[in-house]
Amino acid sequence: MNQQSANHEATAALAARLRDAIRHRGPVSFRDWMEAALYDERDGYYSRTGLTRWGPSGDYRTSPERSPLFASTFARYFAEVYRQLGAPKYFTIYEAGAGAGHFAHVVLDTLRQQYAPFYRAVRYIIDERSHASRQQLAALLKRSGHQQRVEFMSDNVRGFSVESGIVFSNELLDALPLHRVRMIGGVLCEQFVDVDGAGEFIWADGEPSDPRLAATLVRCGVVLCEGQQAEINLAAEDWLKKIAGMLMNGFVITVDYGAEAPAL
């Protein structure tokens with residue numbers, strides 16, 4: 001079976017399971033729908049084995065796949081941060097959402113070649129929820145000889161702390177599942193996914209599933225017009241809170257794209 005056929009089969013299987021779940025338990029929030037589409041352990045996009053997601057032959061390309069310059073530039077910056085923090089004996093680089101590992105691979109190569117004392121102090125922790133990606137990443141780093149510097153961590157680990165280091169992510173926050181809301185009759189409603197009589201997925205409006213949705217709009221000074229839609233990423237806020245509680249001394253560096261708040 002080729003990659004396209006396998007991808008189509010996994011998509012169809014996940015859609016069938018979502019239909020069954022909706023018929024038995026009612027509509028699901030778009031946030032839960034997106035969570036399943038991307039991260040379902042069996043058929044989610046990021047969990048499928050044998051699927052080329054990154055690079056010129058994949059579905060998309062991010063900066064680490066385009067050129068080693070992106071990661072090597074950050075490696076030099078990480079070395080400067082290490083010096084700013086007093087060159088501790090142990091230093092953690094914690095990468096969340098490492099994907100196929102191109103960024104980690106080039107960072108560690110650059111540190112080994114140009115910043116050997118820093119490289120020897122580094123513990124590179126990878127927080128990547130996709131089992132398929134972790135396998136690919138581990139193989140890449142083993143071939144590069146970095147396996148002694150690298151540890152893998154599950155996203156649901158509690159009580160972990162970084163005494164001195166950097167938390168890094170690239171295009172992670174925009175891949176987190178989000179809620180969709182819209183204003184109907186002057187009332188804020190959340191958009192859910194339902195199934196019609198023919199088995200087609202349809203939108204269904206309902207009461208917000210989380211009080212933070214309305215509170216977020218108020219806090220951001222956003223007033224929706226009648227019928228206007230908005231996307232609210234509560235998961236990004238939760239992630240930042242987790243990181244803030246985990247990092248004792250260091251920097252959080254997250255790379256993403258989008259417009260500034262006034263333009264949005």
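This text walks through the core of a predicted model, then its aromatic pairs, one loop residue and two charged side chains.

Start in the interior. The largest nonpolar core has 30 residues. Those with the most contacts inside it are Phe78, Ile93, Phe103, Val107, Leu111, Phe118 and Tyr124. Several elements each supply at least two residues of this core. The helices among them are α4 (68–84), α5 (102–114), α6 (116–121) and α7 (131–143). The strands are β2 (91–96), β3 (122–127) and β5 (165–170). Helix α4 gives the most, with 8 residues.

Now pick out Phe78. Which residues does Phe78 contact, leaving aside its neighbours within four places in sequence? They are Ile93, Phe103, Val107, Phe118, Ile166, Phe168 and Ile253. Phe78 has a relative accessible area of 0%, so it counts as buried.

Next come the rings. The whole structure holds 15 aromatic pairs. One of them joins Phe78 and Phe103. Their ring centres are 6.3 Å apart, and their planes make an angle of 70 degrees. That pair is edge-to-face, because planes over 60 degrees apart count that way. The pair links distant parts of the chain, since Phe78 lies in helix α4 and Phe103 in helix α5, 25 residues apart. Phe103 is also buried, with a relative accessible area of 2%.

A second edge-to-face pair is formed by Phe91 and Phe118. Here the centres are 5.4 Å apart and the planes stand at 75 degrees. Phe91 belongs to strand β2 and Phe118 to helix α6, so this pair ties together parts 27 residues apart in sequence. Is Phe91 buried or exposed? Phe91 is buried, at 0% relative accessible area. Phe118 is buried too, at 3%.

Some rings join into a group. Ring pairs link Phe70, Phe74, Phe78, Phe103 and Phe168 into a cluster. Phe78 and Phe103 thus turn up again, as members of this cluster.

Move on to a loop. Gly97 sits between β2 and α5. Gly97 counts as partly exposed because its relative accessibility is 26%, and buried would need a value under 20%. In sequence, Gly97 and Glu128 are 31 residues apart. In space, their C-alpha atoms are 4.8 Å apart. Beyond residues up to four places away in sequence, Gly97 touches Asp127, Glu128 and Leu172.

Finish with two charges over rings. The charged end of Arg129 sits over the ring of Tyr39, 4.2 Å from its centre. The charged end of Arg180 sits over the ring of Phe30, 5.7 Å from its centre.

Terms used: Residues numbered from 1 in each chain as written. Predicted model: local features only at pLDDT ≥ 70, side-chain atom pairs only at ≥ 80, totals over all residues. Heavy atoms only, no water. Core = buried A, V, L, I, M, F, W, Y, C linked by side-chain atoms within 4.5 Å. Buried < 20%, exposed > 50% of the residue type's maximum accessible area, 1.4 Å probe, protein only. Helix = DSSP H or I, 4+ residues; strand = E, 2+ residues; numbered from the N terminus. Contact = heavy atoms within 4.5 Å. Phe/Tyr/Trp six-rings, centres within 6.5 Å; stacked < 30°, edge-to-face > 60°. Lys NZ or Arg CZ within 6 Å of the ring centre and 35° of its normal.
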